[in-house]
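Biologist: Please show me the chain, and I will ask about it piece by piece.
Modeller: Here it is.

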Amino acid sequence: MGRPRIKDVAEYAGVSAKTVSNVLNDYEHVSERTRTAVREAIDALGYRVNIAGRQLRRGRTGMIALAVPDLDVAYFAELARHVMAETERRGSTTLLVETGGRHEKELAAVRGFDAQFTDGVILSPLALRPRDLADRDTRLPLVLLGECNLPGSADHVAIDNVTAAREATEHLLSRGRRRIAVIGGDLHGSRNTGRLRTVGHQEALAAAGVALPDELVLPVPAFRWADGAAAARTLMRLPERPDALLCLNDHLALGAVRALHEDGWSVPKDLDVVGFDDIEATRFSIPTVTTVAPDKRGIARRAVELLLDRIDADGPGGPAVDETAGHRLIVRESSGG
């Protein structure tokens, strides 16, 4: 016998093919007795729903694209895992694309890669500009992640980076730290990760009456291990060294901790270190690293939900939604935890 079809299930259960379809789609107006008979037939015959065929009949592929800057950055790898798990749970498949933060690749993602193989796109952009989305085809659903929010252009999910950084700095202030340097900081940039988190840091210091000298805000070429190590060494050579480092992601924090250890500094005895993102490595480093933990699972769940709602609506379906995901500060050994 070949692969069982709906009509085979219908004959086995003694019902119509339409009734089987109603049960498969979980329609309400089916008696429990009929529902049970159909499910028993499905189990007995080993019937499996042809999701691909169903999607194609609806003019869809059943596939969404997730485009992130860099899978070598653990935050994006962990976030991608949550998105893929959520889309699978919802009966879709995820196509994973690495953009490198390059403008042309992010623009291609916004346009659905100029192909018909995806029903919608979740994009974590670094280089997009407002004009890139001004005239986009809104028939292709798009959800933006992270700090590059272009208001009104697409649904958007991110944590409150200003508040998160302010809470991290307040924690360091509560430990008596006053010369708190920001690795990856940005005083003059656009509304990106570095700028937003630096603003939160400034707010906490200002509320405590603590100055922020320019030399304690140190931009970096990239948010990677080596950049954190180099920045930490630069800061520790200052005539008046910092007594804490607020690193704007965990790669920077872990690189800083390694460099400090190699140069004979003790964390947290000589200075505290705090990171962002709660990547797995922070739980296994020596010392373990205090970090701001975004709700990665919640971000993924809400992004997928927003995207699939737009797909199901077969059109723009109302104004763009701006969602704030949760976060929490996890205090570990690098700041006295």
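Biologist: Is D70 buried or partly exposed?
Modeller: This is a predicted model, and the value for D70 is computed from it. The relative accessibility of D70 is 15%. Buried means under 20%, so D70 counts as buried.

Biologist: Which residue meets the side chain of D70 in a salt bridge?
Modeller: D70 sits in the loop between β1 and α5, and its partner sits in the loop between β7 (217-218) and α10 (225-236), 154 residues apart. The partner is partly exposed, with a relative accessible area of 32%. The two side chains meet at 2.1 Å, N to O, and the partner is R224.

Biologist: How far apart in sequence are E215 and R179?
Modeller: E215 forms a salt bridge with R179, with the closest N and O atoms 3.8 Å apart. E215 lies in the loop between α9 (193-208) and β7, while R179 lies in the loop between α8 and β6 (180-183). The pair therefore ties together parts of the chain whose separation in sequence is 36 residues.

Biologist: Of E215 and R179, which is buried?
Modeller: E215 has a relative accessible area of 39%, so it is partly exposed. The relative accessible area of the other residue is 13%. Buried means under 20%, so the buried one is R179.

Biologist: Which strand holds E323, the salt-bridge partner of R302?
Modeller: The closest N and O atoms of R302 and E323 are 2.8 Å apart. R302 is in helix α12 (residues 296-313), and E323 is 21 residues away. The strand that holds E323 covers residues 322-325 and is β11.

Biologist: How many salt bridges does the structure hold?
Modeller: Side chains of opposite charge can pair when their charged atoms come close. Salt bridges also link R233, R258, E262 and D263 in a network. For the structure, the number of salt bridges is 19.

Biologist: What is the relative accessible area of A164?
Modeller: A164 lies in helix α8 (residues 161-174). Not counting residues up to four places away in sequence, A164 touches I159, F276, V292 and H327. A164 is buried, because its relative accessible area is 1%.

Biologist: Where is the pLDDT below 50?
Modeller: The mean pLDDT of the protein chain is 90, and 92% of its residues reach 70 or more. One stretch falls below 50, and it has eight contacts in the model beyond near neighbours in sequence. Where pLDDT is low, the predicted coordinates should not be read in detail. The stretch is residues 51-57.

Terms used:
Residues numbered from 1 in each chain as written. Predicted model: local features only at pLDDT ≥ 70, side-chain atom pairs only at ≥ 80, totals over all residues. Heavy atoms only, no water. pLDDT = per-residue confidence, 0-100. Contact = heavy atoms within 4.5 Å. Helix = DSSP H or I, 4+ residues; strand = E, 2+ residues; numbered from the N terminus. Buried < 20%, exposed > 50% of the residue type's maximum accessible area, 1.4 Å probe, protein only. Salt bridge = Lys/Arg side-chain N within 4 Å of Asp/Glu carboxyl O.
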